[in-house]
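Here's a quick walk through a two-chain model, written for someone who would rather look at contacts and angles than read a long preamble. Have the viewer open as you go.

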There are 2 protein chains.
Amino acid sequence: MPRARINNRIRRLRFDHDEMTQEELAGRAGCTRQTIIALEQGKYVPSIELAFKIARAFGVTLEEVFQYEE
Amino acid sequence: MPRARINNRIRRLRFDHDEMTQEELAGRAGCTRQTIIALEQGKYVPSIELAFKIARAFGVTLEEVFQYEE
DNA sequence: ACTAAATGTCAAGTACTTATTACATTTATT
DNA sequence: AATAAATGTAATAAGTACTTGACATTTAGT
């Protein structure tokens, strides 16, 4: 598959949610802390399922967290 | 990662788009025909990137194509 | 009925996502 | 300065997404 051009606003959303910790987010999203770290660092793009869970953890839509860069 | 609870409306969207063929959709989304077939059959869930491309091929949002069930 | 287009199946292989475990570093707090 | 909390790093391993290629079946048009 093509070069991933997906970026995310996880770091920003954590900030906006009273500086929610990575561990707290991981817990809510049902993944590990390391996964959150890697996502924030842009090391990879999550599966759709995890993306939906992260969005839900912040109470926003998937597209408010992840964007396809042209 | 958890059991994928993502379903899609690709078949329906193709129908609504004047019965766009799987090959035509694959071309627009930049994937193979076999991938479209497998997705319609629910054999797996696409990457976010492919999901965005498919949505774009139909001119709708990602969430209009893919839904997280419960 | 023929033919072509569309859809489906199968198998092998590559690349990526994510968990796990364990340790290191940075940033508060007191 | 000491401790604890938060963040970062790294390596292994398992499972999944997707391509490629080749062949089979179904559907539609003439």
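In this predicted model, the buried residues of H3(B) pack against four elements of chain B: strand E1, helix H1 (10-16), helix H2 (22-29) and helix H4 (48-58). Helix H3 itself spans residues 33-40, and its buried residues are Thr35(B), Ile36(B), Ala38(B) and Leu39(B). Look down the axis of H3(B) and those buried residues fall within an arc of 165°, so they line one face of the helix. The general rule behind this is that an α-helix has 3.6 residues a turn, so residues three or four places apart point the same way. After H3(B) comes Gly42(B), with a positive phi near 70°.

Two of the elements that H3(B) packs against, E1 and H1, are worth a closer look.

Start with Asn7(B), which sits in strand E1 (residues 6-8) of chain B. Asn7(B) has a relative accessible area of 31%, so it is partly exposed. Beyond its sequence neighbours within four places, Asn7(B) is in contact with Val65(B), Phe66(B), Gln67(B) and Glu69(B). With Glu69(B) there's a side-chain to side-chain polar contact at 3.1 Å. Asn7(B) and Glu63(B) are 56 residues apart along the chain, with 10 Å between their C-alpha atoms.

Now for helix H1 of chain B, home to Arg14(B). Is Arg14(B) buried or exposed? Arg14(B) counts as buried because its relative accessibility is 7%, and the cut-off for buried is under 20%. Setting aside residues up to four places away in sequence, Arg14(B) touches Glu19(B), Met20(B), Thr21(B), Gln22(B), Leu25(B), Glu40(B) and Phe58(B).

On to the interface. The contact draws 21 residues from chain B and 21 residues from chain A. About 1800 Å² is buried between the two chains, with carbon and sulfur atoms giving 63% of that area. Ile48(B), Glu49(B) and Tyr68(B) supply 38% of what chain B buries against chain A, more than any other three residues.

How many salt bridges does the rule find across the interface of chain B and chain A? Zero. The rule does find two residue pairs in polar contact there, both at pLDDT 80 or more. On the side of chain B that touches chain A, H4, helix H5 (62-65) and strand E2 (66-68) each supply at least two residues. H4(B) gives the largest share, six residues. By class, that side of chain B has eleven nonpolar, three polar and seven charged residues.

Over in chain A, helix H4 (residues 48-58) is mostly covered, with ten of its eleven residues buried. Among them are Glu49(A) and Lys53(A), along with Phe52(A) and Phe58(A). Gly59(A) follows H4(A).

That brings us to backbone angles. Most residues other than glycine have a negative phi. Asp18(A) and Glu19(A) have positive values. Asp18(A) is placed in the loop between helix H1 (10-16) and helix H2 (22-29) of chain A, and Glu19(A) lies in that loop too. Asp18(A) counts as exposed because its relative accessibility is 72%, while Glu19(A), at 38%, is partly exposed. Here are the positive phi values in one place:

| Residue | Phi |
|---|---|
| Asp18(A) | near 55° |
| Glu19(A) | near 50° |
| Gly59(A) | near 75° |
| Gly42(B) | near 70° |

Key
Residues numbered from 1 in each chain as written. Chains lettered and ligands numbered in written order. Heavy atoms only, no water. Buried < 20%, exposed > 50% of the residue type's maximum accessible area, 1.4 Å probe, protein only. Contact = heavy atoms within 4.5 Å. Polar contact = N/O pair within 3.5 Å; in protein donor to acceptor, adjacent residues only side chain to side chain. Arc of directions from axis to C-beta. Buried area = accessible area lost by both parts, 1.4 Å probe. Salt bridge = Lys/Arg side-chain N within 4 Å of Asp/Glu carboxyl O. Nonpolar A, V, L, I, M, F, W, Y, C, P; charged D, E, K, R; others polar.
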